[in-house]
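The following exercises concern side-chain charges and helix geometry. Please inspect the sequence and the structure before reading the solutions.

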Amino acid sequence: MTKTLRIPPAPLGQLIRAELEAKGWTTADLARSIASPEWNAFVLDLAIFSANPDLVLDEKAAIALARGLGVSPEFLLDLDRAYRTRGN
């Protein structure tokens with residue numbers, strides 16, 4: 001029997017912060033794991049810790065973050081989409 005992970009809709013930055021905490025990582029650690037010059041710790045701080053929950057994850061960002069977090073880009077895009085369409 002396959003277990004389904006149920007994650008309540010939340011801003012993606014909030015979910016990524018929780019994952020970083022669980023791994024004991026900083027945004028600098030995530031930036032190193034992504035290994036891309038355009039994804040430095042400052043950019044990640046702005047995206048993840050922004051007070052703006054309306055930041056939209058695009059495919060390019062999903063691919064980079066997924067590589068760093070060890071998940072699929074589709075997983076992150078689905079989480080972001082679920083948050084944006086909640087209650088609609």
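At 57% relative accessibility, Arg 32 is classed as exposed, in a model that is predicted.

**Exercise 1.** Determine which residue forms a salt bridge with Arg 32, and where the two residues lie.

*Solution.* Step 1: the partner is Asp 29, with the closest N and O atoms 2.5 Å apart. Step 2: both residues belong to helix α2 (residues 27-34), 3 residues apart, or about one turn of the helix. Step 3: Asp 29 has a relative accessible area of 23% and is partly exposed.

**Exercise 2.** Describe the surroundings of Lys 23, considering Glu 19 and Trp 25.

*Solution.* Step 1: Lys 23 and Glu 19 form a salt bridge of 3.8 Å, N to O, which falls within the 4 Å cut-off. Step 2: these two residues are 4 apart in helix α1, hence separated by about one helical turn. Step 3: Lys 23 also lies over the face of Trp 25, at 4.8 Å from the ring centre. Step 4: Lys 23 is partly exposed at 33%, and Glu 19 is partly exposed at 32%.

**Exercise 3.** Compare the expected and actual spans of helix α5, and establish how its buried residues are arranged.

*Solution.* Step 1: the 12 residues of α5 (73-84), at 1.5 Å a residue, should span 16 Å; the end C-alpha atoms are 17 Å apart, which agrees. Step 2: the buried residues are Leu 76, Leu 77, Leu 79, Asp 80 and Tyr 83. Step 3: viewed down the helix axis, these residues fall within an arc of 160°, so they line one face of α5. Step 4: their cover includes α1 (12-23) and α4 (59-69).

Notes:
Residues are numbered from 1 along each chain as its sequence is written. This is a predicted model: local features need pLDDT of at least 70, side-chain atom pairs count only at pLDDT 80 or more; totals for chains, interfaces and linings use all residues. Side-chain values use heavy atoms; hydrogens and water are left out. The expected span of a helix is 1.5 Å times one less than its number of residues. Buried means under 20% relative accessible area, exposed over 50%, partly exposed in between (1.4 Å probe, protein chains only). The arc is that of the directions from the helix axis to the C-beta atoms. Contact means heavy atoms within 4.5 Å. A charge sits over a ring if NZ of Lys or CZ of Arg is within 6 Å of the ring centre and within 35 degrees of the ring normal. A salt bridge is a side-chain nitrogen of Lys or Arg within 4 Å of a carboxyl oxygen of Asp or Glu.
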